[in-house]
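This briefing concerns one protein chain and its ligand. Please consult the sequence and the structure shown here while reading the points that follow.

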Amino acid sequence: MKTYDIVIIGAGIAGMTAAIYTKRALCSVLVLEKKIQGGQIISSNKVCNWPGEAEITGADLIEKIYHQMNNLGVEVRYENVVNVAKNDKFVVKTNEAEYFCDAVIIATGTEPRKLSEKQISMAGERPISYCATCDGALYTDQPVAVVGSGNTAKHEINYLENIASKVYHIHHDDPIPEDAVAIFVAIGRVPDTEIFKELVGLDPDGYIIAEENCHTSADGVFVAGDCRAKNLRQLVTAAADGAIAATEAVKYLR
Ligand SMILES: Cc1cc2nc3c(=O)[nH]c(=O)nc-3n(C[C@H](O)[C@H](O)[C@H](O)COP(=O)(O)OP(=O)(O)OC[C@H]3O[C@@H](n4cnc5c(N)ncnc54)[C@H](O)[C@@H]3O)c2cc1C
């Protein structure tokens, strides 16, 4: 079982930025990621508000940041964190192992809100996707349905209209047409924080409560990015949180 100064949970923009800052402060750092590095922006084909890049795809932006982190020698393991407990040190438990550390940075972001039970039963055997950019091409020239009504739904509909033969726009619990071969879901996002509810304070929507200094209610536990209770969830604010959480964690260790 290995011991680190800091374990960072999540390799989205917030987690990777925190890793760059903590590694440059000469801490021993482990990043744990349950899927692939990059987080939610990986599915976007156009980012136009990241300073220094007039236009870039999410995947290209992530590749650049990942290389920067990798070149510093940050250790990344692809494991799902299932629990964090505090004994003498923090014990971060994944589906594969346990890691000890003196500080934790939670950067688990958000995940798509799931369809209601009623809509899942209406979908039947048809595939359900949460990312038109990732899966849209599978349904070229076929009819599909998009469930949702906000900006994300509009974005998914615009994207699919160039690919599918027809795009049905479904609101809330409206019926899903029989001929739609796949269902795309765009009904918002929820924080990925369930496993931390015994460790740190959450707001009623499940976001981790912390002021701009990214300190949570637990000593030695910091939060960065979209899973923090805040007003603006964007790439630059996730990166800013990553830098602040890292700096505060280093201060705490010293
Ligand atoms: C389609 C789309 C387009 C967007 N476009 C823009 C844009 O143009 N400009 C902009 O500024 N913002 C945009 N955003 C918002 C932006 O992507 C987010 O604000 C930002 O990516 C949040 O980064 P994050 O690191 O906080 O979280 P995330 O990107 O959600 O990353 C969290 C990471 O933690 C991992 N994780 C979660 N739980 C665990 C666990 N238990 N164990 C291990 N790992 C875990 C996840 O797998 C994920 O990789 C967009 C979002 C979407 C969905």
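The points below treat the ligand site, the domains, one helix and several loop residues in turn.

The model is a predicted one. Its ligand is surrounded by 32 residues, and the protein covers 89% of the 1,000 Å² of accessible area that the ligand has on its own. The chain is divided into domain 1 and domain 2.

**Ligand site**

- The shell around the ligand holds 32 residues, of which Glu33, Gln40, Asn49, Asp226 and Leu235 are the closest.
- By residue class, this shell divides into 13 nonpolar, 12 polar and seven charged residues.
- Helices α1 (13-24) and α6 (235-253) each supply at least two residues of the shell.
- A nitrogen atom of the ligand lies 3.1 Å from a backbone N or O atom of lysine 34.
- In the case of asparagine 80, an N or O atom of the side chain is 3.2 Å from a nitrogen atom of the ligand.
- Leucine 235 places a polar backbone atom 2.9 Å from an oxygen atom of the ligand.
- With the protein in place, 89% of the 1,000 Å² of accessible area that the ligand has on its own is covered.

**Domain organisation**

- Domain 1 is made up of two segments, 3-111 and 189-253, while domain 2 spans 114-185.
- The centres of domain 1 and domain 2, taken over C-alpha atoms, are separated by 31 Å.

**Helix α5**

- In helix α5 (residues 151-161), the buried residues are Ala153, Glu156, Ile157 and Leu160.
- These buried residues lie on the same side of α5, because they cover an arc of only 100° around the axis.
- Asn151 and Lys154 are exposed and are carried by the face of α5 turned away from its buried side.

**Loop residues with positive phi**

- Leucine 26 is a residue other than glycine with a positive phi, near 65°.
- Leucine 26 is placed in the loop between α1 and β2 (29-32).
- Leucine 26 counts as exposed because its relative accessibility is 75%, and the cut-off for exposure is over 50%.
- Aspartate 141, also a residue other than glycine, has a positive phi near 60°.
- The loop between α4 (132-135) and β9 (143-147) contains aspartate 141.
- The relative accessible area of aspartate 141 is 59%, so this residue is exposed.

**Buried loop residues**

- Threonine 216 is situated in the loop between β12 (189-191) and β13 (221-223).
- Threonine 216 counts as buried because its relative accessibility is 12%, and the cut-off for burial is under 20%.
- The side chain of threonine 216 reaches the backbone nitrogen of alanine 218 at 3.1 Å.
- A polar atom of the threonine 216 side chain also lies 2.7 Å from the backbone oxygen of valine 221.
- Lysine 230 belongs to the loop between β13 and α6.
- At a relative accessibility of 15%, lysine 230 is likewise counted as buried.
- Lysine 230 and glutamate 211 are 19 residues apart along the chain, and their C-alpha atoms are separated by 8.4 Å.

Key. Residues are numbered from 1 along each chain as its sequence is written. This is a predicted model: local features need pLDDT of at least 70, side-chain atom pairs count only at pLDDT 80 or more; totals for chains, interfaces and linings use all residues. Side-chain values use heavy atoms; hydrogens and water are left out. A residue is near a molecule or strand if one of its heavy atoms lies within 4 Å of it. A polar contact is a pair of N or O atoms within 3.5 Å; within protein, one must be able to donate a hydrogen and the other to accept it, and residues adjacent in sequence count only if both atoms are side-chain atoms. Accessible areas come from the Shrake-Rupley method with a 1.4 Å probe; for residues, only the protein chains shown count as cover. Helices (H or I, at least four residues) and strands (E, at least two) are DSSP runs, numbered from the N terminus. Ala, Val, Leu, Ile, Met, Phe, Trp, Tyr, Cys and Pro count as nonpolar, Asp, Glu, Lys and Arg as charged, and the others, Gly among them, as polar. Domain bounds come from an automatic or database domain assignment. Buried means under 20% relative accessible area, exposed over 50%, partly exposed in between (1.4 Å probe, protein chains only). The arc is that of the directions from the helix axis to the C-beta atoms.
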